[in-house]
Amino acid sequence: MPVPLAPYPSPPVPFTPPNGGQSQLVCSGCRNLLLYPLGATSVCCAVCNAVTNVPPPGTEMAQLVCGGCHTLLMYIRGATSVQCSCCHTVNLALDANQVAHVNCGNCRMLLMYQYGARSVKCAVCNFVTSVGALQSNEQKPSS
């Protein structure tokens, strides 16, 4: 006699604190983005099981993409540099008001450079674009 199949279990509902607040950080192991409830002190990654400490409440975080391996890095806002845990490249961490943008004079790729620089070299085509005076295609930095 066949055994009747039990109904599929309902998927687990993720824990959400009463105020509904969640935050995010980058896993210290596999660099995946982790969501966690506000008030947590550490988060265990479901992918690699690495435990990542949560910064203290009120700590402002920022993100940048590593110039060496293009991994998303998260760091405490105000840091001047961030070392990538994957490729060990030391990345310059500039505030939004310290950077400007210009399109490459050769391939038109949007380039970011430290405000005040005289030129910027394109990482795609290696063309050096002069940025001494504000050009019509340059965006002023935000203040």
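## The annotated spans

Over residues 104-128 the chain is 36% strand and 0% helix, and the C-alpha atoms at the two ends of this span are 8 Å apart. This description, like those that follow, rests on a predicted model. According to the UniProt record, which is an unreviewed entry, the feature "domain: Zinc finger LSD1-type" is placed at residues 104-128, and also at residues 27-51 and 66-90. For residues 27-51 the end C-alpha atoms likewise lie 8 Å apart, and the span is 0% helix and 36% strand.

## The chain as a whole

The chain has twelve strands and zero helices, so that, read from the N terminus on, its elements run β-β-β-β-β-β-β-β-β-β-β-β. Of its 143 residues, 25% count as buried. Among the contacts with a separation of 6 or more, 23% are accounted for by residues 24 or more positions apart.

## Two hairpins

Strand 5 (residues 61-65) pairs with strand 6 (residues 72-76) in the antiparallel sense, over five bridges, and within this pairing Gln63 has Met74 of strand 6 as its bridge partner. The two strands form a hairpin with six residues between them, and His70, in the turn, has a positive phi of about 65°. Strand 5 has two faces: Ala62 and Leu64 make up the covered one, whereas Met61, Gln63 and Val65 make up the uncovered one.

Strand 9 (residues 99-103) is largely enclosed by the rest of the structure, because four of its five residues are buried. It is joined by five bridges to strand 10 (residues 110-114), and strand 9 and strand 10 run antiparallel, with Val99 standing opposite Gln114 in strand 10. Strand 9 and strand 10 form a hairpin with six residues between them, where Arg108, in the turn, has a positive phi of about 70°.

## Cysteines without disulfides

A disulfide is a covalent bond between the sulfur atoms of two cysteines. With a cut-off of 2.5 Å between the sulfur atoms, the count of disulfides in this model comes to zero. Two cysteines illustrate the reasoning. The cysteine sulfur closest to that of Cys69 belongs to Cys84 and is 3.7 Å away, which is too far for a bond; Cys69 counts as partly exposed because its relative accessibility is 29%.

For Cys104, the closest cysteine sulfur is in Cys125, at 3.6 Å, and this distance is again too far for a bond. Cys104 counts as buried, because its relative accessibility is 0%.

## The largest nonpolar core

The largest nonpolar core holds ten residues in all, namely Leu25, Val26, Cys27, Leu34, Tyr36, Val43, Cys45, Ala50, Val54 and Met74. The elements that give two or more residues to this core are strand 1 (22-26) and strand 2 (33-37). Met74, a member of this core, is also the residue of strand 6 that serves as the bridge partner of Gln63.

Ala50 belongs to this core as well. When its neighbours within four places in sequence are left aside, Ala50 is in contact with Cys27, Ser28, Gly29, Val43, Cys44 and Cys45, and of these Cys27, Val43 and Cys45 are listed in the core too.

## A contact at Thr129

Thr129 has its place in strand 12 (residues 128-130), and it counts as buried because its relative accessibility is 4%. Its side chain reaches the backbone nitrogen of Gly105 at 2.9 Å.

Terms used:
Residues numbered from 1 in each chain as written. Predicted model: local features only at pLDDT ≥ 70, side-chain atom pairs only at ≥ 80, totals over all residues. Heavy atoms only, no water. UniProt positions renumbered as here; feature names shortened; annotations may be inferred. Buried < 20%, exposed > 50% of the residue type's maximum accessible area, 1.4 Å probe, protein only. Pairing = 2+ DSSP bridges. Polar contact = N/O pair within 3.5 Å; in protein donor to acceptor, adjacent residues only side chain to side chain. Core = buried A, V, L, I, M, F, W, Y, C linked by side-chain atoms within 4.5 Å. Contact = heavy atoms within 4.5 Å.
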